[in-house]
Amino acid sequence: MILKLVEPAALKAPSMTLKEYIDTLGRIISKWRTPIIHVRNDRVLEEDVAVFNALAEFGVRYIPVSDTPGEAGEVSLTLLDPFHEVQGNGLRVYDSVVELVSRDTPTPLVKLRSLSNSDVRVWAKLEWYHPFSLSIKDRVAWYMLHRFLERGGRPAKLYEASSTNTGMALVGLGNYHGVKTRIYLPATTQRCVDYVFKAMGAEVVRERTPITISMLSKVLVEAARDNAVVLNQFENDYNFLTHLRYTAKEIDYQLMGKGVKPSVVVAGLGTSGHLSALSFYFKNKYGDVETIGVQPAQGSSIPGIRRVETGVKWLHMVEVDRVVDVRLEEALTGILHVARIDGILPGFSSGAAVYALMRLLNEGSLRGDVVVVFPDHGLKYVELLEMLLAEKCIEESAPGLSHE
């Protein structure tokens with residue numbers, strides 16, 4: 001058997017469902033080895049379609065190919081250069097803003113002095129290092145639109161329900177591609193963002209509902225009426241897949257550079273895309289990684305995250321160890337704890353994740369290297385910060401929490 005390494009784009013194969021994809025990729029990641037793929041006339045043979053699609057969507061540089069059917073074999077994923085897309089461009093010079101959002105990787109991973117001690121090192125993934133929304137949602141908006149355009153789609157208009165960040169990212173991308181965008185915002189979104197959308201040339205529709213996903217049916221009806229495209233971050237599997245292909249591999253690549261692997265991963269629950277992808281990746285690759293979701297406590301509203309029972313698609317396809325409830329006031333406590341010790345001001349979903357970590361640290365239940373995702377920056381929430389700080393509804397710190 002002669003083994004060749006070829007780029008995925010050089011081969012052809014029918015597509016597959018998300019379940020088929022994650023079932024196949026999970027087996028590959030857990031061994032960090034893949035079967036060799038058999039081809040004839042640059043077309044993948046039927047028995048290897050699932051493996052090919054899994055590897056291609058995972059973003060390897062090369063596919064291991066043999067043109068001798070029936071001969072089995074396996075190669076290490078490392079040979080296929082799975083991290084090539086997340087290693088970054090040292091010069092950070094790009095030919096377009098779309099190239100910037102897709103190739104300016106990885107976003108920083110920084111150890112937090114405020115949450116680390118002799119037993120625990122907490123690493124924050126700073127996702128406000130993106131150009132459009134200054135948030136993790138740039139990844140989702142770019143990948144959903146990129147894959148739509150890749151299939152030959154050309155939207156006349158883009159409509160999307162968003163609490164802010166996905167909307168901002170789609171407006172920026174829409175402007176670049178010459179497509180007008182309408183964003184539907186829930187009642188809980190700060191009023192100041194209306195001016196940001198207006199400055200960007202987008203149309204904004206304000207709804208009375210406090211929950212973003214509850215606007216979706218109206219958005220779909222109006223889009224059908226107006227010949228607009230709804231990429232739909234709540235149901236679009238590219239939401240999950242972009243975090244599996246990029247966010248998870250970035251974190252793994254960065255931690256490998258420090259010679260460590262994560263013991264715990266903590267992230268807020270919004271659409272569930274990034275927590276689900278991180279849990280899938282790290283549990284399959286390392287097995288013993290604990291994954292923890294963070295949601296608003298009953299009766300509390302925290303920008304960017306919501307409760308599991310409001311409907312989260314991908315969380316139910318993966319294993320997550322537990323979900324922690326946090327109140328809005330506790331999220332502010334988490335923000336201030338990091339801000340006043342590390343000197344950076346994360347947003348409220350980040351603050352909620354920090355407070356959950358503070359609680360777990362006080363319980364003494366964490367060890368090793370812990371990753372926490374910071375989806376965006378706190379400066380976008382000045383109205384909410386002003387209100388809560390004026391009301392003095394904060395706890396200055398978590399009792400007994402020590403740091404280096």
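The exercises below work through the sheets, helix packing, unusual backbone sites and empty spaces of a predicted model.

**Exercise 1. The sheet of 4 strands**

Task: Give the strand order of the open sheet of 4 strands, and find which strands stand at the edges.

Solution:
- Step 1. The order is E11-E10-E9-E12, and the pairing is parallel.
- Step 2. Strand E11 (203-206) and strand E12 (229-230) each have a single partner strand, so one side of each is left without a neighbour in the sheet.
- Step 3. Inside the sheet, strand E9 (residues 157-161) pairs with strand E10 (residues 180-185) in the parallel sense over 5 bridges. One residue to look up is Ala161, whose bridge partner in E10 is Tyr184.
- Step 4. Helix H7 (residues 216-226) packs on this sheet and touches E9, E10 and E12. The direction of H7 makes about 170 degrees with that of E9.

**Exercise 2. The sheet of 6 strands**

Task: Describe the open sheet of 6 strands and name the helices H8 and H11 with the strands they lie across.

Solution:
- Step 1. The strands follow the order E7-E8-E16-E13-E14-E15, with mixed pairing.
- Step 2. E7 and strand E15 (322-326) are the edge strands, each pairing on one side only.
- Step 3. On average, and with direction ignored, neighbouring strands of this sheet are turned by 25 degrees against each other.
- Step 4. Strand E13 (residues 264-268) and strand E16 (residues 368-374) form a parallel pair over 3 bridges. In this pair Val264 stands opposite Val370 in E16.
- Step 5. H8 lies across E7, strand E8 (120-126) and E16, and runs at about 135 degrees to E8.
- Step 6. Helix H11 (residues 348-363) lies across E8, E13, strand E14 (290-296), E15 and E16, and runs at about 110 degrees to E15.

**Exercise 3. Two helices in contact**

Task: At what angle do H2 and H8 pack, and which residues meet?

Solution:
- Step 1. Helix H2 (residues 49-58) packs against H8 at an angle of about 65 degrees, and the axes are 9 Å apart.
- Step 2. Angles of 65 to 115 degrees count as roughly perpendicular, so H2 is roughly perpendicular to H8.
- Step 3. From H2, the residues Ala56, Glu57 and Phe58 take part; they meet Tyr238, Leu241, Leu244, Arg245 and Lys249 in H8.
- Step 4. Sorted by class, this contact has 5 nonpolar, no polar and 3 charged residues.

**Exercise 4. Two backbone sites**

Task: Where in the chain do Arg92 and Pro106 lie?

Solution:
- Step 1. Most residues other than glycine have a negative phi, and most peptide bonds are trans.
- Step 2. Arg92 has a positive phi, near 55 degrees, and is not glycine. Arg92 is found in the loop between strand E6 (74-76) and H3.
- Step 3. Thr105 and Pro106 are joined by a cis peptide bond with omega of about -10 degrees. Pro106 lies in the loop between H3 and strand E7 (109-111).

**Exercise 5. The cavity**

Task: How many cavities of 30 Å³ or more are there, and which residues line the largest?

Solution:
- Step 1. The count comes to 1 cavity of 30 Å³ or more.
- Step 2. The volume of the largest cavity is about 60 Å³.
- Step 3. The lining is made of Val101, Ser102, Asp104, Thr105, His130, Arg139, Trp142, Thr242 and Tyr246. Thr105 also belongs to the cis peptide bond with Pro106.
- Step 4. At least two lining residues come from each of helix H3 (97-103), helix H4 (137-150) and helix H8 (238-257).
- Step 5. By class, the lining has 3 nonpolar, 4 polar and 2 charged residues.

**Exercise 6. The two largest pockets**

Task: Which element gives the most residues to the lining of the largest pocket, and which to that of the second largest?

Solution:
- Step 1. The largest pocket has a volume of about 1,100 Å³. It is lined by 41 residues, of which Ala56, Glu57, Arg147, Glu150 and Arg245 are the closest to its centre.
- Step 2. Helix H1 (18-31), H2, H3, H4 and H8 each give two or more residues to this lining. H4 gives the most, with 5 residues.
- Step 3. The lining of the largest pocket has 17 nonpolar, 12 polar and 12 charged residues.
- Step 4. The second largest pocket has a volume of about 890 Å³. Of its 45 lining residues, Ser163, Ile302, Pro303, Gly304 and Ile305 are the closest to its centre.
- Step 5. For the second largest pocket, H12 gives the most, with 3 residues.
- Step 6. The lining of the second largest pocket divides into 16 nonpolar, 24 polar and 5 charged residues.

Conventions: Residues are numbered from 1 along each chain as its sequence is written. This is a predicted model: local features need pLDDT of at least 70, side-chain atom pairs count only at pLDDT 80 or more; totals for chains, interfaces and linings use all residues. Side-chain values use heavy atoms; hydrogens and water are left out. Two strands pair if DSSP finds at least two bridges between them. Contact means heavy atoms within 4.5 Å. Axes are lines fitted to C-alpha atoms, for helices over the stretch in contact, and angles run from 0 to 180 degrees between N-to-C directions. On a 1 Å grid over the protein atoms alone, a cavity is a set of points where a 1.4 Å probe fits but cannot get out, and a pocket is an open set with protein on both sides within 12 Å along at least five of seven lines; lining residues have an atom within 4 Å of a point. Grid points are joined across faces, edges and corners, and a volume is the space filled by probe spheres set on the points. Ala, Val, Leu, Ile, Met, Phe, Trp, Tyr, Cys and Pro count as nonpolar, Asp, Glu, Lys and Arg as charged, and the others, Gly among them, as polar. Angles under 35 degrees count as roughly parallel, over 145 as roughly antiparallel, 65 to 115 as roughly perpendicular and the rest as oblique.
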